[in-house]
Amino acid sequence: MIYLSLQLELIIFSFIFGFLFSSLLEWFNKKIMKYPSYIKLILSVLLIFIVTYLYFIGIQKIGNAIFHIYSIISIIVGFIVYDLLIRLIANNNKK
């Protein structure tokens, strides 16, 4: 069993990570549009490996690499919040 403060730190880290990862993916996809599909695949896989490695380094530093379902949920919520925020900004700019 892990401490509540440690769980909270992991959840916050995962949420921020999901938010930043979503923005990184959006930027990355815009930059690789002009390349052939096999280069896109190689670069995408490389990006996923690098980002996953960075995530596990982060949770290693925070809580000795304790990984819970809350972390996955928090990353997904970070993705969703980023998407909703971008849509909200885009809709406000249209008006």
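This is a short tour of three helices and some of the residues where they meet. The model you have open is a predicted one.

**Stop 1: helices α1 and α3**

Start by selecting residues 4–31, which make up helix α1, and residues 69–94, which make up helix α3. Where these two pack, their axes lie 7 Å apart and the angle is about 45°. An angle of that size falls outside the roughly parallel class, which ends at 35 degrees, and short of the roughly perpendicular one, which begins at 65; α1 and α3 are therefore oblique to each other. Turn the view until one helix is in front of the other: the crossing of α1 past α3 is right-handed.

Now show the side chains at this contact. On α1, pick I11, S14, F15, F17, G18, F19, F21, S22, S23, L25 and E26. On α3, their partners are Y70, S71, S74, I75, V77, G78, F79, V81, Y82, L85 and I86. Colour this α1–α3 contact by class and you will get 14 nonpolar residues, seven polar and one charged.

**Stop 2: a closer look at S22**

Stay on α1 and centre on S22, which is found in this helix. Is S22 buried or exposed? Its relative accessibility is 9%, so S22 counts as buried. Leaving aside residues up to four places away in sequence, S22 touches F79 and Y82. Both of these partners appear in the α3 list from the previous stop.

**Stop 3: helices α1 and α2**

Next, keep α1 on screen and add helix α2, residues 37–63. Here the packing angle is about 160° and the axes are 11 Å apart. Since angles over 145 degrees count as roughly antiparallel, α1 and α2 are therefore described as roughly antiparallel to each other. This crossing, too, is right-handed as α1 passes α2.

For the contact itself, select L6, E9, L10, F13, S14, F17, F21, L24, L25 and F28 on α1. Add L43, S44, L47, I48, V51, Y55, G58, I59, I62 and G63 on α2. By class, the α1–α2 contact holds 15 nonpolar residues, four polar and one charged.

**Stop 4: the aromatic rings**

Time to hide everything but the aromatic side chains. How many aromatic pairs does the count come to? It comes to seven. One of them joins F17 and F21, whose rings are stacked, with 6.0 Å from centre to centre and 15° between the planes. F17 and F21 are four residues apart in helix α1, which means that about one helical turn separates them. F17 is buried at 17% relative accessibility, and F21 is buried at 12%.

From F17, move across to Y55. Their ring centres are 4.7 Å apart and the planes stand at 50°, so this pair is tilted. Because F17 lies in α1 and Y55 in α2, the pair ties together parts that are 38 residues apart in sequence. Y55 is buried as well, with a relative accessible area of 4%.

Select F13, F17, F21, Y55, F56 and F79 together to see a cluster linked by ring pairs.

**Stop 5: out along α3**

Finish at A90, which is found in helix α3. With a relative accessible area of 34%, A90 is partly exposed. Draw a distance line from the C-alpha atom of A90 to that of I73: the two residues are 17 apart along the chain, and the line spans 26 Å.

Technical notes. Residues are numbered from 1 along each chain as its sequence is written. This is a predicted model: local features need pLDDT of at least 70, side-chain atom pairs count only at pLDDT 80 or more; totals for chains, interfaces and linings use all residues. Side-chain values use heavy atoms; hydrogens and water are left out. Axes are lines fitted to C-alpha atoms, for helices over the stretch in contact, and angles run from 0 to 180 degrees between N-to-C directions. Angles under 35 degrees count as roughly parallel, over 145 as roughly antiparallel, 65 to 115 as roughly perpendicular and the rest as oblique. A crossing is left-handed if the near helix is turned anticlockwise from the far one by less than a right angle, and right-handed if clockwise. Contact means heavy atoms within 4.5 Å. Ala, Val, Leu, Ile, Met, Phe, Trp, Tyr, Cys and Pro count as nonpolar, Asp, Glu, Lys and Arg as charged, and the others, Gly among them, as polar. Rings of Phe, Tyr and Trp (its six-membered ring) pair if their centres lie within 6.5 Å; planes under 30 degrees apart count as stacked, over 60 as edge-to-face and the rest as tilted. Buried means under 20% relative accessible area, exposed over 50%, partly exposed in between (1.4 Å probe, protein chains only).
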